[in-house]
Amino acid sequence: CLKASLELNLIDPKINLRVDKNTPLAVYQLGTELTKQGLGFPQYSNDDVVIPGLRKAGYTLRDARNYTVAACWEFIIPGTAMDIPNIDAVSFPQIIDRAVRCDLSQCATFDDFLEAVRRQLNGLIDEMLPRYANLFLEPSPFQSLLMDGCVENGRDISAGLTYNNYGLHGVGVATAADSLAGIRKVVYDDKTVTPDQLLAALDANYEGYEELQYTLVNDAPKMGNNDDAVDSLGVQLLDMFADALKGRKNERGGIYRAGTGTAMYYLWSASDLPATPDGRRKGEPFGANFSPSLNRRLNGPLSVIQSFAKPHFERVPNGGPLTLELHDTLFRNQEGSDKVAMLVKTFVDLGGQQMQLNAINRDRLADAQAHPENYKNLIVRVWGWSGYFVELDKEYQDHIMRRVEFVG
């Protein structure tokens with residue numbers, strides 16, 4: 001399948017590879033050939049992480065081992081599950097914004113503020129879950145023929161199956177973790193800014209507060225540099241997300257699965273959000289899926305995979321890939337391609353959950369935006385799918401061009 005996809009050079013069908021610590025390097029090398037060609041896939045899912053996570057979520061060992069992915073990356077079980085893995089999304093930067101506005105001035109310590117963030121997250125979940133009551137699913141008799149028990153019980157798949165779980169994306173984890181690190185630095189550690197001053201800067205979109213913005217962008221730690229001071233905040237946010245959903249049941253008797261993907265919410269959730277305490281200005285998008293914030297200084301791809309392999313993924317079993325952009329010069333010779341393959345294998349060996357890679361050239365993308373007639377076959381990874389660059393809306397083109405691009 002990999003070789004056929006490499007030969008056809010088409011955006012579909014997407015290739016999703018299940019891998020584990022015993023997967024030979026040769027498989028990663030072949031997958032890297034597809035990445036080198038610019039297809040935006042394969043996407044890698046780590047069985048050593050995914051299967052235990054699904055087991056913890058209540059799936060039998062047989063079903064957990066039989067998992068595949070939905071349209072993008074979300075984990076689904078063929079034959080036995082009527083899961084809806086993308087029913088909505090939680091914006092972590094929105095939660096931080098709520099906590100800053102409602103709670104920061106009353107928090108004497110940073111730990112107090114983290115508890116306020118937890119309360120805001122729980123409150124947001126309380127607001128969201130009632131929206132999914134009385135859900136109507138259109139009957140699908142032909143699909144029902146392929147599902148376990150439907151024919152025997154005269155039951156359409158729309159009425160539910162063995163598993164009826166809902167999944168929530170977790171959006172902007174890095175932006176939120178970076179924001180927490182910024183608050184800790186300027187408000188609690190350095191004590192150079194009061195809560196009211198920080199809020200004033202956010203409301204002003206940093207106009208007149210450029211020095212503070214510079215400090216937040218350049219001096220506060222950023223998720224993606226293998227720095228536990230900020231990476232641990234990302235881990236805590238995802239644990240809070242899992243805690244907020246623990247024990248909650250939907251009207252079909254299923255659970256809610258937390259995840260680390262974004263889908264299109266990396267634009268949607270950011271479009272109306274005010275400036276954030278990481279130095280981001282109002283309306284600026286988040287990183288795609290589970291990835292570093294846009295336009296932040298990072299040490300390199302190795303530090304990124306080290307940071308993004310740290311969370312307790314068994315607690316966020318809805319999926320969501322680390323998304324990395326690699327400059328196409330990394331693939332100029334076999335040695336470079338082999339290093340990319342080893343990077344993916346290292347991420348899997350470190351316990352990362354999912355990964356997808358883009359081989360891009362920013363100058364080429366800019367030229368394609370200006371002269372689309374010359375680049376009709378230029379393919380990029382958008383969020384959980386690959387598309388022809390010149391057919392994308394400009395806001396998605398711009399986002400791909402703004403992502404961190406690692407150069408060999």
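Strand 2 (residues 43–46) pairs with strand 9 in the antiparallel sense, over 2 bridges. In this predicted model, strand 9 also has a parallel partner, strand 8 (residues 322–327), joined to it over 6 bridges. Let's look at strand 9 and its neighbours, then at the nonpolar cores.

**Strand 9 and its partners**

- On the strand 2 pairing, S45 stands opposite Q354 of strand 9.
- On the strand 8 pairing, H327 stands opposite I360 of strand 9.
- To get from strand 8 to strand 9, the chain passes through helix 15 (residues 334–349), making a right-handed β-α-β crossover.

**How enclosed is strand 9?**

- Strand 9 spans residues 354–360, and 7 of its 7 residues are buried, so the strand is largely enclosed by the rest of the structure.
- Which residues cover each face? Q354, Q356, N358 and I360 lie on one side, while M355, L357 and A359 lie on the other, and all of them are buried.

**The nonpolar cores**

- The largest nonpolar core has 93 residues, and the members touching the most others are F113 and L168.
- Helix 9 (residues 173–189) gives this core its largest share, with 10 residues.
- Leaving aside residues up to four places away in sequence, F113 touches I96, A99, V100, L104, C107, L180, I183 and Y188.
- There is also a second, separate core of 26 residues, and among them are A89, Y265, F286 and L365.

Note on methods
Residues are numbered from 1 along each chain as its sequence is written. This is a predicted model: local features need pLDDT of at least 70, side-chain atom pairs count only at pLDDT 80 or more; totals for chains, interfaces and linings use all residues. Side-chain values use heavy atoms; hydrogens and water are left out. Buried means under 20% relative accessible area, exposed over 50%, partly exposed in between (1.4 Å probe, protein chains only). Helices (H or I, at least four residues) and strands (E, at least two) are DSSP runs, numbered from the N terminus. Two strands pair if DSSP finds at least two bridges between them. A crossover is right-handed if, with the strands pointing away from the viewer, the path from the first strand over the helix to the second runs clockwise. A nonpolar core is a set of buried Ala, Val, Leu, Ile, Met, Phe, Trp, Tyr and Cys residues joined through side-chain atoms within 4.5 Å. Contact means heavy atoms within 4.5 Å.
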